[in-house]
Amino acid sequence: MLSETLIDFTISRFPRCDRGALKIHPLQKGGSDRNYYRVETGGGETMILVKYGDQREENRHYVSIAQFLGSQGIQVPRIYFHDEEKGLIWMEDLGEVDLWELRGDSWTRLAELYRRALDQAYLLHTRARQSSDMDGPRLEREFNAELYLWEQNYFFDNCLERYYKIDPALIALHRRSEPLEKIAIDLAVLPRVLVHRDFQSQNIMIRNGEAFLIDFQGLRPGLAQYDLASLIYDPYVALTPDQREELLAYYIRKDGNADETGFRRIFDLCAMQRLMQALGAYGFLGLVKERLQFLNYVEPAMASLREVVSRISGLQNLAVLLDNLPLNHAPCHPPPQS
């Protein structure tokens with residue numbers, strides 16, 4: 001949408017704004033069908049304007065989820081106004097610094113910020129509750145066996161076949177793997193909590209040393225370990241094994257009643273699922289949507305997937321396949337910035 005049109009919409013909702021001082025700047029953000037803008041209202045005050053499309057039903061529920069999470073004490077941006085007809089949301093500006101932007105800082109500082117992010121995740125997993133479908137936001141479909149199997153197939157289709165050009169007949173043998181199907185079924189019967197679904201460095205804003213969650217429209221019932229794996233095995237940030245272990249141990253200590261051995265086993269299974277989903281997304285966004293920058297993260301994510309799969313019993317055949325994939329198969333040059 002043109003800036004003048006967005007200015008008109010903003011003035012109509014916030015009539016006290018001075019049109020002469022109002023400025024709107026587009027922001028580069030992620031791989032969704034949402035467009036983000038920073039709105040300068042004058043006097044140094046700003047807010048974020050989101051224009052969302054109708055490609056995904058979850059976009060329409062962002063506001064109700066934000067209000068629900070805020071009511072549970074979880075740090076999210078405040079919503080100022082939602083025009084559902086036009087697909088526009090005006091909300092609090094949390095600044096420009098996310099965990100990804102800080103990835104080059106010393107681990108001493110970065111570890112503290114990761115702990116603050118994990119504190120918010122723990123609140124989400126333990127405090128956010130809906131007593132019925134009538135008293136909370138509409139959520140996306142829960143993590144069930146069907147969704148876990150979809151993530152696996154998304155990986156086979158868009159990463160192994162589309163990106164690495166692996167023989168579809170060979171892929172079919174792994175796609176129908178009994179151990180993979182059993183993992184999906186075993187994860188689906190475990191008790192669920194509410195999870196962010198995309199809990200990674202670019203969706204955690206940092207302001208005054210505190211962590212705030214954004215892009216939570218995919219909130220749904222699932223497993224806490226899935227969120228932890230999303231952050232700890234985030235392909236956008238290269239954490240060392242010791243750093244990953246430190247963060248996982250921190251979260252486990254927060255839950256004094258956790259069966260640590262069982263928790264870690266489920267963590268590995270969720271890490272496999274999350275990395276498969278991410279690799280499928282990179283292949284799809286990079287090669288179908290031609291957003292080539294996402295292909296830069298295939299190799300880091302694949303290295304993590306190899307590590308995780310090597311620890312999971314029954315997946316030796318998949319481990320061999322992953323160990324023998326070609327390197328740097330597709331071009332990984334980001335497109336020119338507009």
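Analyst: Quick ground rule: buried means under 20% relative accessible area, exposed means over 50%, and partly exposed is in between (1.4 Å probe, protein chains only). This is a predicted model, where local features need pLDDT of at least 70, side-chain atom pairs count only at pLDDT 80 or more, and totals for chains, interfaces and linings use all residues. Residues are numbered from 1 along each chain as its sequence is written, and side-chain values use heavy atoms, leaving out hydrogens and water.

User: How many salt bridges are there?

Analyst: Side chains of opposite charge can pair when their charged atoms come close. A salt bridge here is a Lys or Arg side-chain nitrogen within 4 Å of a carboxyl oxygen of Asp or Glu. By that rule, the count is 25.

User: How many residues apart in sequence are the parts that Arg197 and Glu151 tie together?

Analyst: Arg197 and Glu151 form a salt bridge, with their closest N and O atoms 3.6 Å apart. Arg197 sits in the loop between strands E6 (193–195) and E7 (204–207), while Glu151 is in helix H4, so the pair links parts whose separation in sequence is 46 residues. (Helices, H or I of at least four residues, and strands, E of at least two, are DSSP runs numbered from the N terminus.)

User: And what relative accessible area does Glu151 have?

Analyst: Its partner Arg197 is buried at 12%. Glu151 is buried too, with a relative accessible area of 0%.

User: Are Arg116 and Asp119 buried or exposed?

Analyst: They form a salt bridge, the closest N and O atoms being 2.7 Å apart. They're three residues apart in helix H3 (residues 107–126), about one helical turn. Both are buried.
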